[in-house]
Amino acid sequence: MTLTLSHLTKRYGDIVALDDLSFEVRPGELFGFVGSNGAGKTTTMRITLGVLAADSGEVLLDGRPVDLDVRRTIGYMPEERGLYPKMKVGQQLSYLAQLHGLSRSDADGAVRRWTERLGIAERLGDTVDSLSLGNQQRVQLAAALVHDPTVLVLDEPFSGLDPVAVDVMSEVLMEKANSGVPVVFSSHQLDLVQRLCHRVGIIAKGRMRAVGTVDELRSGGDARLVVHAPQAPPDWADGLPGVGTVEHTDGRTVLSVAPGVDDQQILKTALETGPVHEFSLHRPSLADLFREVVSA
Amino acid sequence: MSAPLTTTRAIGLVARREFVTQVRKKSFVVSNAIVLVAIVVGIVAMSIFGGSDDDRPTVGVVAAPQLSAALGAIGDATGMPLEISEVPDGDTGRAQVSAGELDVVLIPREPAGVTAVTESNIDAGLKTVLDAAVAQDAQSAALTERGVDPAEIADATARSTVVVEAIDPPDPEQGQRVVLSIVAVVLLYMQILMFGMYVAMGVVEEKSSRVVELLLSTLRPLQLLWGKIIGIGAVGLLQLAAYGVVGVGAALATDTLTITGTALGVFASTLGWFVLGFAFFAVLYAAAGSMVSRQEDVNSTSGPLMMIILAMFFAAFSSVDDPDATWSTVLSWIPPFSAILMPLRIAAGVASPFQIVGTIVLMIVVTALLAVVAAKIYQRSILRIGRTVTWKEALGR
């Protein structure tokens, strides 16, 4: 299954929430969706689930428009967590699974399996509002998983989780991806996204600013090069194409290096000024890239 | 594992959840048990104390068996049956009157007539009976003295009676019909108001807990809306049926009600009109619920609905006395007033089959139209979290 979002546009009055947004999530891929608050992540996910209607553009699964029957096969975790507070965990999950099209007995089996997996099996008979916040989150994840979804769309699944729950969540997401399910989730925890995701999309002001693997994105941004050449003048690197001087103090120069620039050429130039004690290249982190994209 | 979900199954799933959640509530079970017990106890108590002979005037007669007989006969004939007892002498009689055991004691006076001793004064009707009895007694005594056979006199008086021929005879079932109408009106009012409110609160609960977003990713808004209305309505119908079965059953068993056919007809029409009246208001209550984000705000949008239901209730109550009045007949055609006025008219026995069918069809048509509008409001408002949506905004384009 490949989930494709194609040229989505959504306006709220004069505010453009999504502006010609497109990306796709391939089978078995963990796709990280990052952006500032209000960038349009939640709107995108709501449109994917049909909870909101787009002004234009469409959502496709394997090339076919997503209708209600297809949508029922998607696992969804809304940003605004929501369950019936006074309903028992077991009944609630079984009910939701049946709404996704499972028979009663299949639903009950799936509830048992997933609550055991997520460590909330002994809470089946408790009402949701009697659970701790962390356990409520686990129930919410179980609700997204009980019907064995063919696609997973999770809005901020890691927010509010304790470190143990983060590990469980990561494990489950990777396992789902490994079984061939396209998984897309949004998060503000960029280190986590960098660690888990095969590909990442950065959204700002309703537009997709960058999409690619973390490595592609990192190599796409300007790298930082630290050169310690005590005898070099402050402007030693200025003549080099694609290279800019960020700062120069006590013979230590920080350069920004555009993608594709030959770093050996820079080293040769540095050596021409005298000895070089340090020469280290720093790829930008996802957080650096994010700041760069968002401020652009 | 997911499979396509038919609309029937989707609505059925939602309805079943609503039904089960509602009937499993401890408060629901307890309050209904109390109400049912109260109905039985109330009806049994009414049959014991209500229909007894306690209100018959008690008359004591001192040493005049003929007068006693005349009193009994005239009392029965004039529709004022008396409790007559023999009293040995005047003093005993006076004592019994002051003790409140007797209303009146009749003591023969010399040479003729009687003295009626009473606490303070005698009811005018009773006085007439007493006068007539004493006069008849004196007449019989005089005639007997002149040699007329007492049996002949008795025969003559018995035959000379007034036969009433009424052009518009009163309905002997009138009293029971009025009681049935009032019960039907009160029950319908309470059930529609209460279960309409449950629908609104259920919608707000889903909205305020945000679970609605998860639900709407698997259900169409209309499936959710109708599932909820059907589920909650089924609970309301069940509760009403339970009240009816227990109430009518107890009343028939204790002979408090004697018009079995009418009672069952009223029962059935109350159930039927509950379904129609509830459906009418439930779609509106669902719309009202979808417009707010917090339980506390429900009253701000459901207030107008409550006003309408109250107006219906008062209209129904005003027409209990005279259900066939022109204004009440006209109003009973207009939805939603028909929902409460028609069962009343059926109970009163003034609804023609044509009117019954006509008002039902009209009510269904109006409810269907309203459901379309309400569903639009619901769809438009259900995901708007935050400020309360006004009716004007919800209905506007």
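Contact here means heavy atoms within 4.5 Å. By that criterion, in this predicted model, Gly90(A), Leu93(A), Ser94(A), Ala97(A) and Gln98(A) in helix α3(A) meet Arg104(A), Ala107(A), Asp108(A), Val111(A) and Thr115(A) in helix α4(A). Sorted by character, the residues of this contact are four nonpolar, four polar and two charged.

Two packed helices are described by the angle between their axes and the distance between the axes. Helix α3 of chain A covers residues 89-99 and helix α4 of chain A covers residues 104-117; their axes come within 8 Å and cross at roughly 125°. That angle makes α3(A) oblique to α4(A), because it falls in none of the ranges under 35 degrees, over 145 degrees or 65 to 115 degrees. The crossing of α3(A) and α4(A) is right-handed.

The pair belongs to a chain with 10 helices and 14 strands. Taken along the principal axes, the C-alpha atoms of chain A fill a box of roughly 75 × 40 × 35 Å. Chain A has 296 residues, of which 52% count as buried. Of the contacts in chain A between residues at least 6 apart in sequence, 68% join residues at least 24 apart.

Among the strands of chain A, six form an open sheet with mixed pairing, in the order β6-β7-β8-β3-β9-β10. The edges are taken by β6 (74-77) and β10 (207-213) of chain A; each has a single partner strand, so one side of each is left without a neighbour in the sheet. From one strand to the next, the twist averages 15°. Within this sheet, β7 (residues 151-154) and β8 (residues 183-186) of chain A pair in the parallel sense over three bridges. Leu154(A) stands opposite Phe185(A) in β8(A).

Helices α5 and α6 of chain A pack on this sheet. Helix α5 (residues 133-145) of chain A touches β6 and β7 of chain A, and its direction makes about 160° with that of β6(A). Helix α6 (residues 163-178) of chain A touches β3 (30-35), β6, β7 and β8 of chain A, and its direction makes about 150° with that of β8(A).

Further along chain A, four strands form an open sheet in the order β12-β13-β11-β14, and the pairing is antiparallel. Its edge strands are β12 (243-249) and β14 (278-282) of chain A, each of which pairs on one side only. Here the twist averages 20° from one strand to the next. Strand β11 (residues 223-228) of chain A pairs with β14(A) in the antiparallel sense over five bridges. In β14(A), Leu281(A) is the bridge partner of Leu225(A). Helix α9 (residues 263-272) of chain A lies across β11, β12, β13 (252-257) and β14 of chain A, running at about 155° to β14(A).

The last stop is a single residue in chain B. Ser319(B) lies in the loop between α11 (298-318) and α12 (326-331) of chain B. With a relative accessible area of 0%, Ser319(B) is buried, because the cut-off for that label is under 20%. Not counting residues up to four places away in sequence, Ser319(B) touches Trp327(B), Ser328(B), Leu341(B) and Leu344(B). Of these, Leu344(B) is 25 residues from Ser319(B) in sequence, and the two are 8.6 Å apart in space, C-alpha to C-alpha.

Definitions and conventions:
Residues are numbered from 1 along each chain as its sequence is written. Chains are lettered from A and ligands numbered from 1 in the order in which they are written. This is a predicted model: local features need pLDDT of at least 70, side-chain atom pairs count only at pLDDT 80 or more; totals for chains, interfaces and linings use all residues. Side-chain values use heavy atoms; hydrogens and water are left out. Two strands pair if DSSP finds at least two bridges between them. Helices (H or I, at least four residues) and strands (E, at least two) are DSSP runs, numbered from the N terminus. Axes are lines fitted to C-alpha atoms, for helices over the stretch in contact, and angles run from 0 to 180 degrees between N-to-C directions. A crossing is left-handed if the near helix is turned anticlockwise from the far one by less than a right angle, and right-handed if clockwise. Ala, Val, Leu, Ile, Met, Phe, Trp, Tyr, Cys and Pro count as nonpolar, Asp, Glu, Lys and Arg as charged, and the others, Gly among them, as polar. Buried means under 20% relative accessible area, exposed over 50%, partly exposed in between (1.4 Å probe, protein chains only).
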